[in-house]
Amino acid sequence: MAEVLRVALVAGEASGDILGAGLMQALKAQHPGIEFIGVGGPRMQAEGLVSDFPMERLAVMGLVEVLGRLPELLSRRRRLIASLIARRPDVFIGIDAPDFTLGVELKLRRAGIRTVHYVSPSVWAWRQKRVLKIREACDLMLTLFPFEAQFYDAHQVPVRFVGHPLADAIPLQADRPAAREALGLPVDSPVVALLPGSRGGEVARLGALFLEAAERLRALRPGIRFVLPCASAERREQIEQLLVGRDLPLLLLDGRSHEALAACDAVLIASGTATLEALLYKRPMVVAYRVAPLTFSILRRLVRSPYISLPNLLAQRLLVPELIQDAATADALAQALAPLLADGEVQTEGFDAIHRTLRRDASSRAASAVLELLGKR
C-alpha cells in the first residue's frame with residue numbers, strides 16, 4: 001500500500017481553482033493515498049481539498065482594492081504559514097496568485113518544506129528581479145508556456161514546461177457549422193467575434209472603439225455579421241449602452257465565448273488570456289489595447305518584451321497585428337481585419353503549430369513533476 005502523501009495547495013481565483021482541480025485529479029491517479037490541505041474553490045474541494053478559508057477572500061483585483069484588504073490578506077497569510085509549518089505537508093504548491101503564494105513558498109521552504117509554483121508570473125516581461133525571489137522561494141517552477149521555461153533555465157531556477165490545460169481541452173479542429181447552428185448564425189455569412197475584455201475598465205476603453213471598427217468593416221464587407229460574448233450581466237449592460245444609436249448586425253451572448261470563437265471567421269480582441277483561446281480555436285485575429293496615458297508611459301519604460309500578445313510571445317515573432325494605444329483607431333483595426341476574412345492562413349498555420357506544442361496533457365505532466373521532486377516516481 002502506498003504511503004499517504006500530504007499535499008498543500010493554494011489557489012487564489014477561479015482559473016487557479018480549475019488548474020488545481022486538474023492537478024489534484026492527476027496526482028490521485030498517479031499516487032493513490034493523498035491528503036489535500038490548503039485553500040481552493042469549489043472544483044478543488046470537489047477533488048477532496050479541505051479549504052482553510054473561502055478562496056474568494058484572496059480574489060482581489062486592482063491596487064486600491066488590494067490596499068483596502070491588505071491587513072486581512074497579510075493576517076490570513078501569516079496564519080496559513082504557521083498552520084502549514086505545524087502540519088508539515090510533503091509539498092506545498094502555490095497556483096498562480098504570486099503576490100500571495102510566493103511569500104508562503106519562501107517561508108515554507110526556509111522551514112524545510114518542498115515548494116512548487118504552478119503558473120509563472122510575467123517576470124520575463126517586467127520586474128525581472130522577481131526571479132531572484134522565485135529562485136529562493138521554490139524548489140520547482142511549472143510553466144504553461146515554453147518561452148517561460150527558457151527564461152527560468154537562463155536564471156538557474158529548476159523548471160518544467162508542462163503545457164497548457166486549455167490546449168488539451170480545446171480540439172485541434174473546431175466545428176464551425178455546429179457552433180453557428182447552436183448560436184443561430186447563418187452558415188454562409190462572414191462572422192467576426194468582438195472581444196473587448198472582461199473587465200469594466202477594458203470595455204470602457206475598447207468597447208466603443210471595437211463597435212466603430214465593426215461599422216467600418218461592415219462598409220468594407222457588406223453582409224458581415226458580428227458576435228460579442230459578454231463576460232457578465234454588468235458587461236452586457238455596458239455594451240448595450242454603447243450600442244444605442246448604432247445599426248449593427250450584432251449578436252450579444254451571455255458568456256459562451258468558446259462558442260463565439262468556434263463560430264467566427266476572425267476576431268477583434270483585447271490583449272489578454274482570451275487571445276490564447278482565439279489562437280487555440282485557430283481564428284485569425286487583430287489584437288488591440290489601450291490603457292490610461294500615464295499607465296502606458298510607465299509600462300513602456302518597464303516592459304522588456306517586444307510583444308504584448310500571447311500569440312506573438314509564443315510564436316517569438318509578429319504573427320498577429322498588435323495595435324496599441326494611439327495606433328488603435330477604428331480605421332486601422334478595420335483595415336487590419338478585412339484581409340484576414342479572406343486569407344488568414346499564415347496566422348492559422350502558426351496557431352496550429354503552437355497548439356500542438358502546448359497540448360501536452362498538462363495536469364498529468366505537472367503531477368509527474370511534483371512526484372519526481374518528492375522521489376515518489
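How many bridges join strand β1 to strand β4, and do the two run parallel or antiparallel? In this predicted model, 5 bridges join β1 to β4 (residues 91-95), and the two strands run parallel.

**First stop: strand β1**

Select residues 5-11, which form strand β1. Of the 7 residues in this strand, 6 are buried, so β1 is largely enclosed by the rest of the structure. To examine the pairing with β4, select Val-7 together with Val-91, its bridge partner in that strand.

**Second stop: strand β2 and the crossover**

Next, add residues 34-39, which make up strand β2. Strands β1 and β2 run parallel and are joined by 6 bridges. Within this pairing, display Leu-9, and Gly-38 of β2 will be found opposite. Then select residues 14-30, helix α1, through which the chain crosses from β1 to β2. This β-α-β crossover is right-handed.

**Third stop: Asp-361**

Now move to Asp-361, in the loop between helix α16 (345-358) and helix α17 (362-373). Is Asp-361 buried or partly exposed? The residue counts as partly exposed because its relative accessibility is 44%.

Which residues are in contact with Asp-361, leaving aside its neighbours within four places in sequence? Select Val-162 and Asp-168 to see these contacts. Finally, add Leu-166 and compare its position with that of Asp-361: the two residues are 195 residues apart in sequence, while the C-alpha to C-alpha separation in space is 9.7 Å.

Note on methods. Residues are numbered from 1 along each chain as its sequence is written. This is a predicted model: local features need pLDDT of at least 70, side-chain atom pairs count only at pLDDT 80 or more; totals for chains, interfaces and linings use all residues. Side-chain values use heavy atoms; hydrogens and water are left out. Buried means under 20% relative accessible area, exposed over 50%, partly exposed in between (1.4 Å probe, protein chains only). Helices (H or I, at least four residues) and strands (E, at least two) are DSSP runs, numbered from the N terminus. Two strands pair if DSSP finds at least two bridges between them. A crossover is right-handed if, with the strands pointing away from the viewer, the path from the first strand over the helix to the second runs clockwise. Contact means heavy atoms within 4.5 Å.
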